[in-house]
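Please work through the following exercises with the sequence and the coordinates at hand. Each task is followed by a solution in steps.

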Amino acid sequence: MDRFQERYPDMELKAWRQDEGSILDLLANDEADAVFVRYRGESPKDETRHVIPLYEELEVVCAAKDHEVEYYEESIPASVVEGFAQLDLADYPEAVGGIPTAMEVVASGAQVLRVPQSIARLFARKDVVSRFIEDGSPTQVGIAWPSSVEDPVLLEEFIGIVRGRRANSSRQASVRNEEQKAKRINDKAKLDAKVKSLAAAKRQKELAKKQARSNGGKPGRSGGSKGRKKR
């Protein structure tokens, strides 16, 4: 976000979090130009939208301190996690507090919660621990945008920034456009030079013909009156 604003300070860029419903609906309803989407399995790409995968995120289990989960150093087998009482995030919409409220329930020790690692970090609490789930269900994070975008240059620039391209990368839309513009200018300059060269050669040829006619059809002699035979 910051890099885009640095490159385009006059452009207004807004971002917000979508916790309920399908985030892809924002594209379908023309409410957003692009969205970050989390998915499992097949890509949500179709004829209405493009999707570029960015990175994979591992699944973790969140549990209260002093829960059995805490005694595992870094990871815990999925078969062990499945034996604990599970909390379902669908039971905690934003209307009742969302994920923070769900984490309070986890902190009480009543249930454990399986979430992507970034969610556990975002809503971390001192009284909740998290461990990677061995053979868990990782999620893919990607960026999606409508396939019907009329002017994709700025969007391509943003996507390039998201993918880590530098400002001077030849794959950035802005740099590519400047390179194409420079190439057009260079090609035009070459064409103009060639036209001028051909025109100069043509003038030289015509001048040589005129001189030849003035020399009685003998090219290479300077002009002037013809000599007379002695009798």
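The exercises below concern a predicted model.

**Exercise 1.** Determine which residues form the negative surface patch, and classify the accessibility of glutamate 31.

*Solution.* Step 1: the negative surface patch consists of Asp25, Asp30, Glu31 and Asp33. Step 2: glutamate 31 is located in the loop that runs between α2 (25-28) and β1 (35-39). Step 3: buried requires under 20% relative accessible area and exposed requires over 50%. Because its relative accessibility is 46%, glutamate 31 counts as partly exposed.

**Exercise 2.** Establish whether histidine 67 is buried or exposed, and state its contacts beyond four places in sequence.

*Solution.* Step 1: histidine 67 is found in the loop between β3 (59-64) and β4 (75-77). Step 2: its relative accessibility is 16%, so histidine 67 counts as buried. Step 3: once neighbours within four places in sequence are set aside, histidine 67 is in contact with Phe84 and Val112.

**Exercise 3.** Describe the phi angle, place and accessibility of aspartate 30 and of aspartate 135.

*Solution.* Step 1: most residues other than glycine have a negative phi. Step 2: aspartate 30 nevertheless has a positive phi, near 60°, and phi of aspartate 135 is likewise positive, near 60°. Step 3: aspartate 30 belongs to the loop between α2 and β1, whereas aspartate 135 belongs to the loop between β6 (128-134) and β7 (139-146). Step 4: aspartate 30 has a relative accessible area of 64% and is therefore exposed. Aspartate 135, at 79%, is therefore exposed.

Methods: Residues are numbered from 1 along each chain as its sequence is written. This is a predicted model: local features need pLDDT of at least 70, side-chain atom pairs count only at pLDDT 80 or more; totals for chains, interfaces and linings use all residues. Side-chain values use heavy atoms; hydrogens and water are left out. Patches are made of residues with over 30% relative accessible area and no salt bridge: like charges are joined within 9 Å, nonpolar side chains (Val, Leu, Ile, Met, Phe, Trp, Tyr) within 5 Å. Accessible areas come from the Shrake-Rupley method with a 1.4 Å probe; for residues, only the protein chains shown count as cover. A salt bridge is a side-chain nitrogen of Lys or Arg within 4 Å of a carboxyl oxygen of Asp or Glu. Lys and Arg count as positive and Asp and Glu as negative; His and the chain ends are not counted. The place of a charge is taken as NZ of Lys, CZ of Arg, CG of Asp or CD of Glu. Helices (H or I, at least four residues) and strands (E, at least two) are DSSP runs, numbered from the N terminus. Buried means under 20% relative accessible area, exposed over 50%, partly exposed in between (1.4 Å probe, protein chains only). Contact means heavy atoms within 4.5 Å.
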